[in-house]
Amino acid sequence: MINVAIDGPSGAGKSTIAKAVAKKKGFIYVDTGALYRSIGLYVSRKGIAKEDKESIISCLPEISLELKYVEGVQRVYLNSEDVSEAIRMPEISMYASAVSSVQEVRDFLLGIQRDMAKKYDVIMDGRDIGTVILPDATVKIFMTASNEGRAKRRYKELCEKGVETTYEEVLRDMTERDRADSTRAIAPAVPAEDAIMFDNTEYGIEECVDRIIDIIEEAAAKRG
């Protein structure tokens, strides 16, 4: 199996690029961030504070998650409810960051993620795929872009979905989440030692996709 790990901060274009690469290569795309966001959404709906780890852990037995592909598009189901749009709201980002710092949550999701990688050629994006989830991935990429560039992309994405926000709010939230994700004690969002660094600030989507495909094919050829 070919496993591709793409890590990087929020707004770096990981999901958009990974989806496009998966489609061209015929791989299964796994959006790990959507899983954490789903747990964050559940915790938020329960009225639990982001800092209340014990209550977050107590919720896990109540949660069932599924990734399904509907007309070629990944949809996320939380206890049989399609939450694919709800988990993308800005306020859920910080909940996702909070629950991802809880070891029991990470353990809860680890099996789901690794099981898919064993069965299929996958491209998986997140923040600790190459360091924790798939340490033996065929290729590891750490995707970055400037703070301003990432915020502009995320702001545009939210506006297209009809979410009321401002560029300044998006930039502030993104900077805060970057700090939280990169400094957390459990599985911080940092590059794997053998990851290929890829700054896509100056690249368009198609250029990024073509470059990632080249990297994957080069790695697969070396592996034999």
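**Sheet and helices of a predicted model**

Me: At about what angle does helix α5 (residues 103-119) run to β6?
Reply: α5 lies across β1, β2 and β6 in this predicted model (helices, H or I, of at least four residues and strands, E, of at least two are DSSP runs numbered from the N terminus). Between N-to-C directions of lines fitted to C-alpha atoms, for helices over the stretch in contact (heavy atoms within 4.5 Å), on a scale from 0 to 180 degrees, the angle of α5 to β6 is about 155 degrees.

Me: Which element has the lowest mean pLDDT?
Reply: This is a predicted model, in which local features need pLDDT (confidence per residue, from 0 to 100) of at least 70, side-chain atom pairs 80 or more, and totals for chains, interfaces and linings use all residues. Residues are numbered from 1 along each chain as its sequence is written, and side-chain values use heavy atoms, without hydrogens and water. The chain averages 89; strand β5 (residues 81-82) has the highest mean, 97, and the lowest, 82, belongs to strand β3 (residues 65-70).

Me: Which strands are the edges of the open sheet?
Reply: The 5 strands run in the order β2-β6-β1-β7-β8 with parallel pairing (at least two DSSP bridges). Each edge strand pairs on one side only, and these are β2 (28-31) and β8.

Me: Why are the buried residues of α9 on the same side?
Reply: Cys-208, Val-209, Ile-212, Ile-213, Ile-215, Ile-216 and Ala-219 are buried in α9 (under 20% relative accessible area, 1.4 Å probe, protein chains only). They are on the same side because, by directions from the helix axis to the C-beta atoms, they cover an arc of only 160 degrees.

Notes. Buried < 20%, exposed > 50% of the residue type's maximum accessible area, 1.4 Å probe, protein only.
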